Amino acid sequence: MSQSSTPVTSLADAKFGGAFWERLWRMSGINFVVFFIIAYVIYGNQPKVGASTDALVAFYQGDRTRILIAAVVFGLAVLNLLWFAAALRTTLADAGQDGWGAAATASSAAVGGLFLLLVTVGAALAYSIAGSENHTLTSGLNDFAWAGVVLTSFPRAMLIMAGTFGLWRAGLISNALFAAGVAAIVLVLLGGTTWLSGFWAPSGAYSRFVSPIIGLVWVVVVSGVLLTRSPATRAGW
């Protein structure tokens with residue numbers, strides 16, 4: 001029995017060993033971006049802060065099925081974001097920058113937790129709350145979700161900072177990419193100040209489009225950096 005199982009085990013280790021899993025997790029950043037964009041399109045145009053009762057009911061009740069489907073896809077996006085952070089952390093640890101790697105782990109956990117909270121609020125509104133005719137609660141939770149989007153700017157900026165500074169200190173990115181990363185940190189941090197109106201409102205164009213796009217582009221660029229490096233030989237995966 002043991003002799004016949006040895007070749008199978010060896011073949012599995014060769015094909016699905018640590019290098020296979022590490023490369024798979026290094027692709028998680030790209031998977032996150034894909035899932036996020038798909039979910040964002042499915043979810044649709046959430047009513048802005050202070051939206052009318054008719055607009056809230058039309059969105060959360062009229063698009064109930066679509067919102068719940070988007071919640072599932074958003075959940076898959078969060079899973080891939082956390083795996084991306086894990087791959088980033090191991091890469092930085094291999095390069096002797098484990099401090100920045102730990103910061104990436106902590107910030108990604110905060111981003112993922114806040115993101116799941118906001119998805120939960122939207123799903124709960126669509127599932128039952130918006131249909132209960134408690135319009136004050138519906139409006140309050142809708143505004144709460146937009147405030148949460150603003151406050152996610154801080155852990156998102158920390159994640160970008162941890163990855164940018166860690167990869168630069170490890171000599172894995174150029175000075176030009178480092179400068180672009182620093183600019184991304186500043187621009188995402190500015191998203192935490194969007195408490196005014198219009199373009200600079202919590203539900204304005206900067207919070208909805210500009211800041212998220214900057215983060216998505218950064219994830220794609222860092223994923224490319226991770227994928228160009230040969231996976232380390234370790235038993236961790």
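Trainee: How many salt bridges does the structure hold?
Mentor: The structure, which is a predicted model, holds two salt bridges.

Trainee: Which residue does Arg 66 meet in a salt bridge?
Mentor: The partner of Arg 66 is Asp 63, with an N to O distance of 2.9 Å between the side chains.

Trainee: Are those two buried or exposed?
Mentor: Neither term applies. Arg 66 has a relative accessible area of 35%, so it counts as partly exposed. Asp 63, at 23% relative accessibility, is also partly exposed.

Trainee: And what does Arg 89 form with Asp 98?
Mentor: Arg 89 and Asp 98 form a salt bridge, in which the closest N and O atoms are 3.2 Å apart. Arg 89 is partly exposed, its relative accessible area being 30%. For Asp 98 the relative accessibility is 34%, which again means partly exposed.

Trainee: Turning to the interior, which residues of the largest nonpolar core touch the most other members?
Mentor: They are Phe 32, Tyr 60, Phe 74, Leu 88 and Trp 218, in a core of 51 residues.

Trainee: Which helices each supply at least two residues of this core?
Mentor: The contributors are α3 (28-43), α4 (53-60), α5 (64-94), α6 (98-129), α8 (153-169), α9 (175-190) and α10 (205-228). Of the core residues, 12 come from α5, which gives the most.

Trainee: What is Trp 218 in contact with, leaving aside neighbours within four places in sequence?
Mentor: Beyond those neighbours, Trp 218 contacts Phe 84 and Leu 88, together with Leu 159, Ile 160, Gly 163 and Thr 164. Leu 88 also appears with Trp 218 among the core residues that touch the most other members.

Notes:
Residues are numbered from 1 along each chain as its sequence is written. This is a predicted model: local features need pLDDT of at least 70, side-chain atom pairs count only at pLDDT 80 or more; totals for chains, interfaces and linings use all residues. Side-chain values use heavy atoms; hydrogens and water are left out. A salt bridge is a side-chain nitrogen of Lys or Arg within 4 Å of a carboxyl oxygen of Asp or Glu. Buried means under 20% relative accessible area, exposed over 50%, partly exposed in between (1.4 Å probe, protein chains only). A nonpolar core is a set of buried Ala, Val, Leu, Ile, Met, Phe, Trp, Tyr and Cys residues joined through side-chain atoms within 4.5 Å. Helices (H or I, at least four residues) and strands (E, at least two) are DSSP runs, numbered from the N terminus. Contact means heavy atoms within 4.5 Å.
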